[in-house]
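Here are my notes on this model, written for someone who has it open on screen. I go from the overall fold down to single side chains.

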Amino acid sequence: MVKRRVHVAAAAIISADSREVLLARRPSNVDQGGLWEFPGGKLAPYETGLEALKRELHEELGVEIRRAQPLIRIHHEYADKHVLLDVWQVHDFAGEPFGREGQAVRWVPMEELHSYPFPAANLPILRAVMLPTEYLISAEEDDEDVFLERLERAMREDGVRLVQLRAKTLDEDAYVARAEKALAMCRRFGARLMLNGEPSLLERVEADGIHLTSERLMSLERRPISEEKWLAASTHDQAQLTQAHRIGCDFVTLSPLRTTPSHPEVAPIGWHDFQQLVEHAGMPVFALGGMTRHDANHARAVGAQGIASIRDFWK
């Protein structure tokens, strides 16, 4: 059976303080009625995703989009159809949203999103909405004071809110000791801390999740931690992206986008192939490898959640 293909534009409309997102409830008399969703609708013939989004938000909510950025594209297979969700993040809009078609709409705090029932195709959008657009990977630092100073500077001055603690030169006890200090600092700034190591580290440190190496990722048969924690992984090709999706990773890094001094022998992916890989990843993807803040808008435009970096954030 050939499934019908449905292309839908959807909006993650974020409040001015970035703490809430607007949801709409599907009418009870339509498919998956009663569930909550990110507002939007199907593309009309010859419309682009952004054109459809502007029309739909005006018709449904009475608002005018002033500025929007691509957030994530999700391909989802239902029993009778293939749905492509073309999701945009909207920060700047005119008007006060309300249900022009009688539907319920509600501003929901980010931390409460998981309490709402969504169609299955919307679930990866929740991850993308709750994740920032910058992912700091810490550099190897022997000096503890220098490490903490640079971590604090990245969060205080640069606004970093997602940190991966990478410290391959430390044994487990030393790593745990550093992780406890990093976690306390992250909590001060409202940032999340990911541990780069064995999933069992979460039994010793109350961090926000685990970041798997690509080798550890490929060795797993199932998700190694609970759904209450974030699971991330390093990926470099289609096979690793497929494995990350299969075991339920919440997000990944994909590298190297460019040739890097640390791995000059590794061929870069390049923007074109990166976009092709991200299109069907089914989860947020951070571009890694030679990335700087100057690349952030380009990365978002080709489907990335944002950029991950050591050098550009670890000053």
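1. Some ground rules first. Two strands pair if DSSP finds at least two bridges between them. Helices (H or I, at least four residues) and strands (E, at least two) are DSSP runs, numbered from the N terminus. This is a predicted model, where local features need pLDDT of at least 70 and side-chain atom pairs count only at pLDDT 80 or more, while totals for chains, interfaces and linings use all residues. Residues are numbered from 1 along each chain as its sequence is written, and side-chain values use heavy atoms, with hydrogens and water left out.

2. Now the sheet I'd look at. It is an open one of 3 strands, in the order β3-β2-β7 with antiparallel pairing. β3 (36-37) and β7 (105-109) are the edge strands, each pairing on one side only. Strand β2 (residues 20-25) is joined to β7 by 5 bridges, and the two run antiparallel. If you want a landmark there, A24 has V105 in β7 as its bridge partner.

3. On the chain as a whole: you'll find 8 helices and 15 strands. The radius of gyration (taken over C-alpha atoms; the globule rule is 2.2 Å times the number of residues to the power 0.38) is 20 Å, which agrees with the value near 20 Å for a compact globule of 315 residues. The C-alpha trace spans about 60 × 40 × 35 Å along its principal axes. Of the 315 residues, 53% count as buried, meaning under 20% relative accessible area (exposed is over 50%, partly exposed in between; 1.4 Å probe, protein chains only). Taking contacts (heavy atoms within 4.5 Å) with a separation of 6 or more, 61% come from residues 24 or more positions apart.

4. Aromatics deserve a look. Rings of Phe, Tyr and Trp (its six-membered ring) pair if their centres lie within 6.5 Å; planes under 30 degrees apart count as stacked, over 60 as edge-to-face and the rest as tilted. The structure holds 9 such pairs. One of them is F38 with F118, stacked at 5.6 Å centre to centre with 15° between the planes. F38 sits in the loop between β3 and β4 (40-42) and F118 in the loop between β7 and α2 (123-130), so this pair ties together parts that are 80 residues apart in sequence. F38 is buried at 3% relative accessible area, and F118 counts as buried at 10%.

5. Y135 and F286 make a tilted pair, 5.4 Å centre to centre and 50° between the planes. Y135 belongs to strand β8 (residues 134-137) and F286 to strand β14 (residues 285-288), so parts 151 residues apart in sequence are tied together. Y135 and F286 are both buried, and they form one aromatic cluster with W230 and F251.

6. What does UniProt list for "binding site"? The unreviewed entry gives R26, E37, F38, P39, G40 and N122. These span 97 residues in sequence, yet no two of their C-alpha atoms are more than 12.7 Å apart, so they gather at one spot. Treat the record with care: positions are in the numbering used here, feature names are shortened, and annotations may be inferred rather than shown by experiment.

7. Within that set, E37 lies in strand β3 and is buried, at 18% relative accessible area. Neighbours within four places in sequence aside, E37 is in contact with L23, A24, R26, F118 and N122. On the same basis, F38 has contacts including V21, L22, F118, N122 and I125.
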